[in-house]
Amino acid sequence: MKKLALIIIGISLIFVSCKKELDTPNLKPFPSGETQTVADLLEKIEQNGEYQFDTVKDASVEGWVIADEKSGNIYRTFYLRDNTGAIAVYRPSGSDDFDARTGDLVKISLKGAILGSYNGLPQIQLQEEKTNSLICIKQRDGIINPTVTTLADITQGKHLCDLVMINGVEFSDYEGHTYAENGANTNHGIEDCNGYSCIVRTSSYATFANDSLPKGKGSLICIVSLYRTDWQLLIRNTNDVNMNGPRCGQIGGQPQEMPYEQPFATSFGTYSTYDVAGEQSWGIDFSTAKMTGFVDQVNYANEDWLISSPVNVTNVSHAKLTMNYIARYFSNLNHDVTIQVSTDYVFESDPTTATWEQLEVELTESTSWNDFMTAEAVLDKYIGQQIWVAVKYLSTDSKAGTIEIQSISITEGDLTPPAQTIFSEPFSSGQGDFTIQNVFMAQGLSWVWNYKSPYGMVASAFANNTSYESESWLISPAIDMNGFSSAVLTFEHAANKLNGSPADYYSVWVSTDYTGGLPDTATWTQLTVPTYPAGTNWTFVASGDIDMSAYLGNSNVRIAFRYTSEDGNSGSWEIKNVLINE
């Protein structure tokens with residue numbers, strides 16, 4: 001049998017508020033009588049097996065609700081903890097007026113209550129159907145901290161009925177499985193890298209019953225339960241499951257050699273995550289490593305880290321870090337998201353116990369969820385050392401941004417020289433030096449292209465509640481592309497109110513012999529736009545890179561945005577941030 005030297009860390013119950021004191025309900029008269037602790041109740045069960053409190057005399061117990069029935073995974077039961085222990089509280093059928101929830105400090109009347117052990121689970125069985133007449137809610141919204149423990153401790157009988165956090169665990173068989181399956185209560189094995197295991201039991205009524213099991217290794221917050229001789233773990237909700245790191249036996253935590261690149265399309269790979277503060281966690285979403293403290297229109301305070309395996313920065317003369325990302329809705333991006341380096345971090349440990357140095361890198365907010373940015377940082381000072389790199393995320397209860405990271409790499413080389421701008425027109429205050437040429441504009445239209453802040457240049461042939469036929473060109477001034485080695489055109493666009501594909505009605509053209517007037521006076525070549533908007537909403541999307549290298553060495557390059565419509569079908573096309581970079 002394995003023996004482990006274990007340290008059990010008890011985390012005390014606290015309640016805090018950044019803005020106001022915790023909600024204190026109007027307390028009703030509540031007979032309490034003799035006050036019991038949870039330890040007193042557990043002792044009565046141990047001594048008597050079953051014990052019923054007097055139906056006349058008052059008695060009560062007070063504690064914090066550490067798990068409730070909200071997610072459907074726990075049936076007619078909530079779990080209570082005080083500073084002496086934890087116990088289950090079962091309410092009778094028909095008591096649908098139950099109001100206590102996780103985070104409440106409650107006092108429970110024990111008049112007539114029965115103490116017992118249901119298949120090994122110690123519990124208070126309330127007898128009256130009107131549960132609220134037996135429960136006095138003294139405080140709302142306390143923060144309930146789990147007790148950090150191990151599977152070894154749990155399977156040795158510790159922490160029964162308590163809320164615990166177990167680190168370094170993974171589901172034994174996850175591929176193709178959901179929490180509950182085939183409409184039935186389901187047991188799934190969970191294990192750690194030392195070979196200890198337990199059961200996670202999920203009700204078919206749980207709100208997350210059909211969610212897929214996580215594929216990686218990480219932390220689990222849960223209630224420790226018991227059915228006869230089987231130790232069972234009950235999940236309150238999937239916010240308590242953070243298993244995105246490399247599984248036992250995978251390469252996470254093992255030293256990596258350069259070049260070292262980690263994409264986050266399907267997993268964290270060789271990276272691990274660590275929640276220092278807050279309920280939210282890094283996750284894999286939209287083929288990225290995503291972190292946000294903004295959930296259900298509410299901002300939450302967080303400190304969360306995304307941390308690499310150790311990397312040997314050796315046998316190179318220059319080294320750099322490159323991160324591809326989208327960041328949006330931050331109040332101060334370069335304060336809330338930083339890239340850190342450590343030489344003494346221990347894999348999967350609390351990063352606040354290590355020494356970190358912030359890298360000099362300027363992050364930029366994106367304007368859409370398709371607009372990935374690239375950030376680079378110099379790592380030359382760490383050459384010859386083993387380092388860990390991390391992305392540190394911060395948010396507050398007043399502002400929480402969102403970052404999505406596509407990949408992070410550590411490679412040999414100098415920083416990429418900044419792109420040189422060949423041409424730029426953001427359309428932030430008007431049409432700039434662009435000209436408008438209306439090839440056809442039906443009667444009833446006074447204009448097609450027009451500037452509208454903050455949307456840029458907008459083309460529409462809808463007027464007087466009627467869609468008209470039209471063809472109108474928005475043409476750039478002459479662009480001098482002499483002296484450059486490459487050129488890429490990008491812009492952002494949105495399209496809406498269109499019946500059909502935007503690519504069939506909206507197009508981009510280039511000419512080297514246009515000098516003015518209608519576009520048919522010159523030769524135009526249509527450019528391929530990689531990404532079009534859906535045509536059914538006002539969301540701006542990035543066009544993607546359009547290669548303009550065929551026009552290098554010419555001083556009269558014109559680009560044009562051609563809008564067309566037809567009777568009964570005239571969508572809107574919006575253009576902004578037109579840019580040609582070397």
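## A tour from the core outwards

Start by selecting Trp-282, Leu-306, Met-323, Tyr-325, Leu-379, Ile-403 and Ile-405: these have the most contacts inside the largest nonpolar core, which has 39 residues. A nonpolar core here is a set of buried Ala, Val, Leu, Ile, Met, Phe, Trp, Tyr and Cys residues joined through side-chain atoms within 4.5 Å. Buried means under 20% relative accessible area, exposed means over 50%, and partly exposed is in between (1.4 Å probe, protein chains only).

Now colour the strands. Those that each supply at least two residues of this core include E21 (288-292), E26 (319-328) and E31 (402-412). The largest share, five residues, comes from E26. Strands (E, at least two residues) are DSSP runs numbered from the N terminus.

A word on what you're looking at: this is a predicted model, where local features need pLDDT of at least 70 and side-chain atom pairs count only at pLDDT 80 or more, while totals for chains, interfaces and linings use all residues. Residues are numbered from 1 along each chain as its sequence is written, and side-chain values use heavy atoms, with hydrogens and water left out.

Next, click Met-323. What does it touch, leaving aside neighbours within four places in sequence? Its contacts (heavy atoms within 4.5 Å) include Ile-339, Leu-363, Val-391 and Ile-405. For a second, separate core, pick Ala-442, Leu-489, Val-510 and Val-578, which are among its 38 residues.

Hop over to Thr-202, in strand E13 (residues 197-202). Thr-202 counts as buried because its relative accessibility is 1%. Not counting residues up to four places away in sequence, Thr-202 touches Asn-73, Tyr-179 and Phe-208, among others.

Then try Tyr-51, in strand E2 (residues 51-52). With a relative accessible area of 28%, Tyr-51 is partly exposed. Gly-112 is 61 residues away along the chain, yet the C-alpha atoms of the two are separated by 9.9 Å. Beyond its neighbours within four places in sequence, Tyr-51 is in contact with Lys-44, Ala-113, Ile-114 and Leu-115.

Out on the surface, select Val-439 in strand E33 (residues 435-441). Val-439 counts as partly exposed, at 39% relative accessibility.

Last stop: confidence. The chain averages a pLDDT (the predictor's confidence in each residue, from 0 to 100) of 89, and 92% of the residues score at least 70. Over residues 1-22, though, the pLDDT is below 50. Where pLDDT is low, the predicted coordinates should not be read in detail.

Conventions: Helix = DSSP H or I, 4+ residues; strand = E, 2+ residues; numbered from the N terminus.
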